[in-house]
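Dear colleague,

I am handing over the structure below, with the sequence alongside. Could you look through it before reading my notes, which follow underneath?

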Amino acid sequence: MRILFDSRQTQYKTPFGTLRTGECCVLQIRIPTEVGASGVRLMLEDSEHAVCAELPFSFASRGEDGYELWRLEFTRQETGLHFYWFHIDKRGGGSFRLFRQGRDTNMEAGEKWQLSVIPADFRVPDFAPGAVMYQIFPDRFARSGSCDLTGKLQPFWVHESPDELPEYRPDAQGEVRNNDFFGGNFAGIREKLPYLQELGVGVLYLNPIFMAWSNHRYDTADYRRPDPMLGTEEDFRALCDEAHARGMRVILDGVFSHTGSNSVYFDAKHVFGHGAVSDPNSPYRRWYRFHHYPDDYEPGGASARSRASRSWTRRISIILSRMRLRHRPLLRLGADGFRLDVVDELPDEFVRRLRRRMRQIDPQSLLLGEVWEDASNKRAYGVSRRYFVDGELDSVMNYPWRNAIVAFLTDADDGTALGESLMTLAENYRPRCSPA
């Protein structure tokens with residue numbers, strides 16, 4: 001007879017899934033009488049797998065089915081990611097450990113159960129749960145009229161027809177420049193709002209709109225203004241106003257983990273005059289890691305992005321300062337939140353402070369994170385991230401679900417792995433997290 005415990009069944013664990021601070025959790029475990037258990041302890045570990053609490057069960061009853069029922073009630077007052085297993089003592093002496101093996105239990109070997117304790121007052125914006133989100137790549141979506149290209153970073157060129165093939169091939173120097181544009185803009189998106197409304201879209205997610213050199217705009221040049229090709233601040237405000245009038249929200253891609261090399265901050269091409277490369281006294285110089293100033297630095301990868309250094313305090317102060325009233329931040333122009341690009345490259349302190357500032361500006365703003373794995377137990381740079389247990393993010397991009405559904409639809413999975421993936425997400429993610 002097997003020892004019975006299943007964290008997904010309420011007869012063994014309530015509440016299902018995550019636990020809020022101060023909330024009572026009830027665990028029950030059924031042990032065969034023949035085991036001769038004299039005591040059961042819950043071994044609770046922290047995110048680094050160090051035991052932080054040993055909680056004793058109480059004997060509850062002995063049934064006619066050959067099982068004994070042991071019961072534990074407990075609360076946790078502090079947030080955190082936890083893992084747990086059971087220590088069982090025997091009346092005749094000796095003891096053993098009990099772990100998880102799939103949906104069953106197993107002695108001495110297996111995995112640990114996960115338990116996240118989240119803030120009791122955590123709430124997501126009212127519009128988010130269940131909303132249909134539509135992703136827009138601004139340059140390629142829709143174009144209406146023309147924009148003042150004064151200030152547009154050079155060189156660039158615009159396709160004559162939307163039917164032309166994007167330039168994806170390397171040039172004579174072997175570089176894919178990504179500086180060909182189709183001219184999509186805020187006005188074009190605005191014209192398409194009736195169509196999007198008919199589709200049932202509730203949230204528009206715009207890929208980066210900040211001033212940048214490349215057509216994808218992930219190489220941010222200036223966080224304080226939209227790219228000229230997309231339009232003006234007033235054009236963006238008009239887009240948000242009409243979207244709101246139609247019951248839709250607008251969130252933006254927040255690319256705060258890195259900057260473009262051709263930017264106000266790095267200024268590799270000496271366009272702006274006061275970036276880290278162009279000015280040895282630049283306030284942005286300590287954002288980057290130079291091996292030899294100014295020509296030898298740590299690059300950001302194949303896309304020529306220059307990673308900001310881990311001088312997080314400076315980055316936080318700059319990013320948050322742009323959200324003050326005097327800079328006409330995009331949240332005050334009508335944006336309803338951010339999707340943080342590669343959020344694992346941003347420190348928890350940054351994410352916490354950003355969300356707090358966003359909620360001061362708009363209590364219903366949404367903060368979504370790009371996390372490729374299970375966000376509840378994500379580790380980055382050797383640290384367990386606190387996206388959920390500290391209420392940093394309202395939601396995350398749901399790549400585990402994406403991988404599971406693709407495997408199912410391509411017959412790589414008969415549905416077993418899909419079901420397990422969905423149940424794991426339901427158990428590990430907090431209620432109403434509304435994963436995108």
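A contact, as I use the word here, means heavy atoms within 4.5 Å. On that basis, among contacts in the chain between residues at least 6 apart in sequence, 69% join residues at least 24 apart.

Please bear in mind that this is a predicted model, in which local features need pLDDT of at least 70 and side-chain atom pairs count only at pLDDT 80 or more, while totals for chains, interfaces and linings use all residues. Residues are numbered from 1 along each chain as its sequence is written, and side-chain values use heavy atoms, with hydrogens and water left out.

Confidence and overall layout

The chain averages a pLDDT (the predictor's confidence in each residue, from 0 to 100) of 91, and 92% of the residues score at least 70. There are two stretches to treat with caution: pLDDT stays under 50 over residues 301-314, for which the model has 38 contacts beyond four places in sequence, and it also stays under 50 over residues 323-327, with 14 such contacts. Where pLDDT is low, the predicted coordinates should not be read in detail.

The chain has eight helices and 27 strands, these being DSSP runs numbered from the N terminus (helices H or I, at least four residues; strands E, at least two). Its C-alpha atoms fill a box of roughly 85 × 55 × 45 Å, taken along the principal axes. Of the 436 residues, 50% count as buried, where buried means under 20% relative accessible area, exposed over 50%, and partly exposed in between (1.4 Å probe, protein chains only).

The nonpolar cores

A nonpolar core is a set of buried Ala, Val, Leu, Ile, Met, Phe, Trp, Tyr and Cys residues joined through side-chain atoms within 4.5 Å. The largest one has 55 residues, and those with the most contacts inside it are Leu206, Phe236, Phe256, Phe338 and Leu340. Its largest share, five residues, comes from helix 6 (residues 348-361). Apart from this core lies another, of 27 residues, among them Tyr12, Ile29, Leu42 and Leu72. Within the 55-residue core, Leu206 touches Ile136, Ile189, Phe236, Leu239, Val250, Ile251, Leu252 and Asp253, not counting residues up to four places away in sequence.

Leu72, from the 27-residue core, has its place in strand 7 (residues 67-74) and counts as buried because its relative accessibility is 6%. Neighbours within four places aside, Leu72 is in contact with Cys25, Val26, Leu27, Leu42, Leu55, Pro56 and Phe57. The C-alpha atoms of Leu72 and Leu354, 282 residues apart along the chain, are separated by 39 Å.

Helices 6 and 8

Helix 6 has 14 residues and reaches 20 Å from its first C-alpha to its last, close to the 20 Å expected at 1.5 Å a residue, the expected span being 1.5 Å times one less than the number of residues. Its buried residues are Asp348, Phe350, Val351, Leu354, Arg355, Met358 and Ile361. Seen down the axis of helix 6, these fall within an arc of 160 degrees, so they line one face of the helix; the arc is that of the directions from the helix axis to the C-beta atoms.

Helix 8 (residues 416-428) has 13 residues, which should span 18 Å at 1.5 Å a residue, and its end C-alpha atoms are indeed 18 Å apart. Leu418, Ser421, Leu425, Glu427 and Asn428 are its buried residues, and they pack against strand 11 (113-118) and helix 7 (399-409).

Individual polar residues

Glu45 lies in strand 4 (residues 37-45) and, at 4% relative accessibility, counts as buried. Its side chain makes polar contacts (N or O atoms within 3.5 Å; within protein, one must be able to donate a hydrogen and the other to accept it, and residues adjacent in sequence count only if both atoms are side-chain atoms) with the side chain of His49 at 3.1 Å and with that of Trp85 at 2.9 Å.

Asp341 is found in the loop between strand 23 (337-340) and helix 6, and it too is buried, at 6% relative accessibility. Asn106, in strand 10 (residues 104-107), is partly exposed at 23%, and a polar atom of the Asn106 side chain lies 2.9 Å from the backbone oxygen of Ala109.

With best wishes
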